[in-house]
Amino acid sequence: MSEYVVGRLIGDIKVKVPGSKSITNRALLIAALGNGLSVLRGTLSSDDSVHFINSLVSLGYNIEVAGDVINIVGMGGEIPKKKATIDVGSAGTAARFLTAMLAMSDGEYVVNASPQMQKRPMAELLVALEQLGAEFSFLNEPYSLPFVVKGRKCGKYISKSEYEISLNIDKSSQYLSALLMTAPMLDGKLTITLTGTRKARSYVGITTNMMKDFGVLVTMLSEDVYVVDGGNYIAKEYMCEPDVSAACYYYGAAAITGKTAIVENVYRTSMQGDIRFLDILEQMGCKVYDTSQGVAVEGPDKLKGISVNMSDCSDQTMTLAAIAPFASEDVIIEGVEHIRRQESDRLSAISDALDRMNIVHEQNDDGIRITPGEPSPCHINTFEDHRMAMAFALTGLMSDGIIIDNPECCKKTFPEYFNILDSITT
């Protein structure tokens, strides 16, 4: 499918979404580092998770996949193969998390990636891993994928009781998550001191919660100092939450159409940062309430404008931008400078889509201001970014002639998105 022509909603929405990408890939890493069989339920099957699983298999792990259930046998912090080549594709979580695991090991590995992932930042994480003793040989550009990583336990390995490193996460909080989750592979306590300015750490909260669920505690000595005293992950059965990021597209659809959307098994108690998008929709006039099946969002007659810092739910920047033309006043999004270095330069991609729709807007360094208006028919360039494809399909629910180019890019996190959209539109 090279393009998708968006239709109109048939009625109220009641859907299921797959498991969270963030939780699935964290669970895969932690289970691989555990000791024995873990059973992961409710997992996501997407390009990102497939690359993660295939990489673990290439490293020698025993993994069985049956639908949304993954059985994985952890090796107590050891990587079965001491030499291997993996390909993380375009998966940022796989690239950062697996690199940290390999760097903590006693093996030597080649890490390949897609051209898109090769352009995404890795330097701060790699420098931190060098502080711990890992060595990197870069096959293209310095401090970028692809590279060869020689684990810290090779060569001149010196055991310590305590390790201290500094880390800047302004470009990605995944750096911190990667180091926290792999810290049990060390033989002593790890203290990480953050040196940057970024305070948005909702995904780090997912990491520390999941580490606790699997038996390893993270202590915060202050807002910017994290400590892992060591320990071992336990093998267990684990249920992944549904993907709140995916659910938000349907909530956004309800917001602009005046319909009601229920996403099954999504609740406001979710540990995922994008659950805050519900608060944003409430401020814009939506009615948000719990049901026994999941959170429901009922759209108003007309959305209100809003000024909002989205640093802690930045994956929904595109969703809010896509529904902003239907608000009664300007929508101002701030605090999302870091999304320029994700699957695409997302602020520039949003600006491109709004230009094509003839929607007045002003892009700045860390956000965008959008003035309501009637979107013109156009093709939306997704820049091979799954969130651009899924978000701007919402605009077409209220405006004729919106066509999404390259909708297949949503396979990265939500392969069935446009099939589900087909089932609820005409």
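The chain contains 13 helices and 23 strands. The model is a predicted one. It comprises 426 residues, for which a compact globule would have a radius of gyration near 22 Å. The chain has 21 Å, so the value agrees with that of a compact globule. Along the principal axes, the C-alpha atoms fill a box of roughly 65 × 40 × 40 Å.

Burial and surface were examined next. Of the 426 residues, 60% count as buried. The exposed area of the chain is about 15800 Å². Carbon and sulfur atoms supply 46% of that area. Contacts were also sorted by sequence separation. Among those between residues at least 6 apart in sequence, 72% join residues at least 24 apart.

The interior was then divided into nonpolar cores. In soluble globular proteins, nonpolar side chains tend to be buried together. Here the largest nonpolar core has 76 residues. The residues with the most contacts inside this core are Y250, Y251, L320, F392, I404 and Y417. Helix α8, which spans residues 244-257, provides the largest share of the core, with eleven residues. Another core, of 75 residues, lies apart from it. Among the residues of this other core are L40, A91, A100 and A128.

L320 illustrates the packing in the largest core. It is one of the residues with the most contacts there. Neighbours within four places in sequence were set aside. L320 is then in contact with F277, I280, M284, I306, V308, M310, V331 and I333.

Helix α3 covers residues 92-103, twelve residues in total. From its first C-alpha to its last, α3 reaches 16 Å. This is close to the 16 Å expected at 1.5 Å a residue. Twelve of the twelve residues of α3 are buried, so the helix is largely enclosed by the rest of the structure. The buried residues include G92 at the start of the range and A103 at its end. Between them, T93, A94, A95, R96, F97, L98, T99, A100, M101 and L102 are buried as well. A100 of this helix also belongs to the core of 75 residues.

Cysteine pairing was checked last. A disulfide is a covalent bond between the sulfur atoms of two cysteines. With a cut-off of 2.5 Å between cysteine sulfur atoms, the count comes to zero disulfides. C248 is in no disulfide. The nearest cysteine sulfur to C248 is that of C313, 8.0 Å away. That distance is not within the 2.5 Å cut-off, so the two cysteines do not count as a disulfide. C248 is buried, with a relative accessible area of 1%.

Key:
Residues are numbered from 1 along each chain as its sequence is written. This is a predicted model: local features need pLDDT of at least 70, side-chain atom pairs count only at pLDDT 80 or more; totals for chains, interfaces and linings use all residues. Side-chain values use heavy atoms; hydrogens and water are left out. Helices (H or I, at least four residues) and strands (E, at least two) are DSSP runs, numbered from the N terminus. The expected span of a helix is 1.5 Å times one less than its number of residues. Buried means under 20% relative accessible area, exposed over 50%, partly exposed in between (1.4 Å probe, protein chains only). The radius of gyration is taken over C-alpha atoms; the globule rule is 2.2 Å times the number of residues to the power 0.38. Contact means heavy atoms within 4.5 Å. Accessible areas come from the Shrake-Rupley method with a 1.4 Å probe; for residues, only the protein chains shown count as cover. A nonpolar core is a set of buried Ala, Val, Leu, Ile, Met, Phe, Trp, Tyr and Cys residues joined through side-chain atoms within 4.5 Å.
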